[in-house]
Amino acid sequence: EGQVMAPINAMFDGLARRDSTIILAAMRPDATAIVAAEKPDGTRSVRRMTGAEFAAGVKPGPERFEERLSDPAIEIDGDIAMVWAPYTFLIDGKVHHCGVDHFDLVRESGSWKVANVTWSSRTTGCAAQ
């Protein structure tokens, strides 16, 4: 299970360092990312991106980003895996938004990579961390 979490932890490290190259290295070249967002006014949107578009959204800046998972559920069968976990996203130590992350992973040549990450995002009902 630790090996499956390695690319996810690397993505979070890249986020914290605000370094898109670290994030891209944890993903397959054909990876995708999908966010299902719920705005404070109740409107909802779903946006699909390539892994490159997702990583490009992480740029250097002064704010400190941190994403924390709680109680990840990990399922593995051979060379495929799934990780599902509630998360909280903090900016400068304050909760910004929360939701659930769902990672699809594949193992190729002995190394796990993220094939897709899908997450929900909301700003209400987030637990203080």
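**Exercises on a predicted model**

Helix H1 has 16 residues, which at 1.5 Å a residue should span 22 Å, and its end C-alpha atoms are indeed 22 Å apart, so the two agree. The expected span is 1.5 Å times one less than the number of residues. Helices (H or I, at least four residues) and strands (E, at least two) are DSSP runs, numbered from the N terminus.

Before you start, note that this is a predicted model, in which local features need pLDDT of at least 70, side-chain atom pairs count only at pLDDT 80 or more, and totals for chains, interfaces and linings use all residues. Residues are numbered from 1 along each chain as its sequence is written, and side-chain values use heavy atoms, with hydrogens and water left out.

**Exercise 1.** Decide whether Ser121 and Ser109 are buried or exposed.

*Solution.* Start with the cut-offs: buried means under 20% relative accessible area, exposed over 50%, and partly exposed in between (1.4 Å probe, protein chains only). Next, place Ser121 in strand E7, residues 111–121. Its relative accessibility is 15%, so Ser121 counts as buried. Ser109 sits in the loop between E6 and E7. With 84% relative accessibility, Ser109 counts as exposed.

**Exercise 2.** Find what Ser121 touches, leaving out residues up to four places away in sequence.

*Solution.* Use the contact rule, heavy atoms within 4.5 Å. The partners of Ser121 are then Val35, Ala36, Ala37, Glu38, Tyr87, His97 and Cys98.

**Exercise 3.** Classify the ring pair Phe12 and Phe103, then the pair Phe54 and Trp119.

*Solution.* Recall the rule: rings of Phe, Tyr and Trp (its six-membered ring) pair if their centres lie within 6.5 Å; planes under 30 degrees apart count as stacked, over 60 as edge-to-face and the rest as tilted. This gives 3 aromatic pairs in the model. For Phe12 and Phe103, the centres are 6.3 Å apart and the planes meet at 65°, an edge-to-face pair. Phe12 belongs to helix H1 and Phe103 to strand E6, 91 residues apart, and the pair links these distant parts of the chain. Both Phe12 and Phe103 are buried. For Phe54 and Trp119, the centres are 5.4 Å apart and the planes stand at 55°, so this pair is tilted. Phe54 lies in helix H3 and Trp119 in strand E7, so the pair ties together parts 65 residues apart in sequence. Finally, Trp119 counts as buried, at 16% relative accessibility.
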